[in-house]
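Please report on the ligand site and the second largest pocket of this protein. Keep it short and plain.

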Amino acid sequence: MQNLGNSTVPSLLSDASKRLEQALKHVTISEDAIARLQHPKTSLSVSIPVRMDDGRLKVFSGYRVRYDDTRGAGKGGVRYHPNVSLDEVQSLAFWMTFKCALLDLPFGGAKGGITVNPKELSKAELERLSRGYIDAIADAIGVDTDILAPDVYTNATIMGWMMDQYSTIQRQLCRGVVTGKPLSLGGSNGRDTATAMGAFIVIQTMLPKFQLNPQETTVAIQGFGNAGSALAGFLAEAGYKIVAVSDSKGGIYAPQGLDIASVREHKNQSREMKAVYCQGSVCSIVEHQVISNQELLALDVDVLIPAALENQITANNADDIKAKYIFEVANGPISSDADKILGKKGIYVFPDILVNAGGVTVSYFEWVQNRSGWYWTLEEVNQRLKAKMEAEAENTWTIAKDLIIDARTAAYVNALNRLGTALDAKGTRNYFVKTDK
Ligand code: NAD
């Protein structure tokens, strides 16, 4: 256990493996497969020296973890954040392993990150850092070994630099080594909004099962970045009443509903949520309150969507949650202790590995398009995404109902069955134990 300030927060990876233990009670899987899934396959820590604009040399810490690649090449994003650590990257790679198996994608799980506050760097410094990261991990990645993508505070521009740097090292164009690239460098239509679109499809598939329709459903969203902001847009267009949104600086709340199109426009201009409603025309259109992120999480709404960072709902604040349904767009926003408290309160949680899997699914589509050289329209991408997300949301729901378990455990059961089959197919204990036969 790590002791962070006043609260005791479990190591992310050990907390993540508690979900595995829970799901293992409901699957028949070999001891060998279980043993292998309890450890990351490779964990690489690197130092990245970067020449800063003022001439100084600054050295950053970076990581790349390939958790498991039994079902295919490692697949996972790269995060730039001051809190990035090996433990965080390992747990994110663990989640990617289960997410790719849950969506039945031919990928294993991986993740990367750099401990940095990217907002403090100039664009040129950010580019040198991104290229330096690829120099440092080049031997560990590849089109058929480990494929990168965007995550928190990384974007298409950074993915373009990374693909270009890797191609320079390899002396050939290697588009498929990075997904989430700009369209002009071989990106896929729909990748920028894929996580949000996937989450929207899961919400639209699940809420009717609880007799909820959009017009009568209130929603609060924590995190207004790539995923949270685009999802707010899709939900608002479908008629959901979004009453609160927030970013790292704080949030805004309007019980009668926010005009999301205006919020998105103002956020893009001001780059700060609290400023959105306090200046310009929107201020006069809708009355609102400025609230903290903790207040947002505790709002009495139908649907709560954490779309920022991990460990936002822990044993410390789970009792305050009043939402009836939680759809996890962020990776790991709820700790395993909090899961138990929410379960007792009758709050239904739809897990990250299902809800936010639209991003990696369209990343897979991008990789396929890069390798075939045949590019799809936005309609084709969204149609294929809808088919995949609906199918696995329904599978998860059926498993949850059949085994009388929560949706998170059901999603892990679904993924574990696929992972177990693949791991066993590679050879298990039974091959090596002497028998009389
Ligand atoms: P992003 O960097 O675009 O946005 C993150 C948002 O969270 C920003 O609005 C930021 O201000 C806000 N934020 C940061 N700290 C906060 C805090 N303490 N409280 C409230 N808000 C805070 O990142 P993103 O790509 O939207 O990713 C968000 C989450 O979704 C992450 O957990 C990420 O791993 C997950 N996710 C993203 C994708 C993707 O394709 N973008 C795919 C799968 C999962």
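Four elements each supply at least two residues of the lining of the second largest pocket: helix H1 (12-24), helix H12 (336-344), strand S14 (348-350) and helix H16 (407-425). H12 gives the most, with 5 residues. This is a predicted model.

The second largest pocket holds about 410 Å³ of space. It is lined by 17 residues. Closest to the centre of this pocket are Asp339, Lys340, Asp406, Arg408 and Thr409. How does the lining of the second largest pocket divide by class? There are 7 charged residues, 5 polar ones and 5 nonpolar ones. Two domains each give at least three residues to this lining: domain 1 (1-38 + 417-437) and domain 3 (194-355).

How is such a space found? A probe the size of a water molecule is rolled over the atoms, and this shows where empty space is left.

Now turn to the ligand. Its shell is made of 22 residues. The closest are Asp151, Thr195, Asn226, Ala227 and Asn331. Which domains each give at least three residues to the shell around the ligand? They are domain 2 (40-176) and domain 3 (194-355). By class, the shell around the ligand has 9 nonpolar, 9 polar and 4 charged residues.

Three polar contacts to the ligand are listed here.

| Residue | Atom of the residue | Atom of the ligand | Distance |
|---|---|---|---|
| Arg79 | side-chain N or O | oxygen | 3.0 Å |
| Ser248 | backbone N or O | oxygen | 3.0 Å |
| Asn293 | polar side-chain atom | nitrogen | 3.3 Å |

Arg79 and Asn293 use side-chain atoms for these contacts. Ser248 uses a backbone atom. How much of the ligand does the protein bury? Taken alone, the ligand exposes 830 Å², and the protein buries 89% of that.

Domain 3 (194-355) takes part in both places. It gives at least three residues to the shell around the ligand, and at least three to the lining of the second largest pocket.

How values were computed: Residues are numbered from 1 along each chain as its sequence is written. This is a predicted model: local features need pLDDT of at least 70, side-chain atom pairs count only at pLDDT 80 or more; totals for chains, interfaces and linings use all residues. Side-chain values use heavy atoms; hydrogens and water are left out. A residue is near a molecule or strand if one of its heavy atoms lies within 4 Å of it. A polar contact is a pair of N or O atoms within 3.5 Å; within protein, one must be able to donate a hydrogen and the other to accept it, and residues adjacent in sequence count only if both atoms are side-chain atoms. Accessible areas come from the Shrake-Rupley method with a 1.4 Å probe; for residues, only the protein chains shown count as cover. Ala, Val, Leu, Ile, Met, Phe, Trp, Tyr, Cys and Pro count as nonpolar, Asp, Glu, Lys and Arg as charged, and the others, Gly among them, as polar. Domain bounds come from an automatic or database domain assignment. On a 1 Å grid over the protein atoms alone, a cavity is a set of points where a 1.4 Å probe fits but cannot get out, and a pocket is an open set with protein on both sides within 12 Å along at least five of seven lines; lining residues have an atom within 4 Å of a point. Grid points are joined across faces, edges and corners, and a volume is the space filled by probe spheres set on the points.
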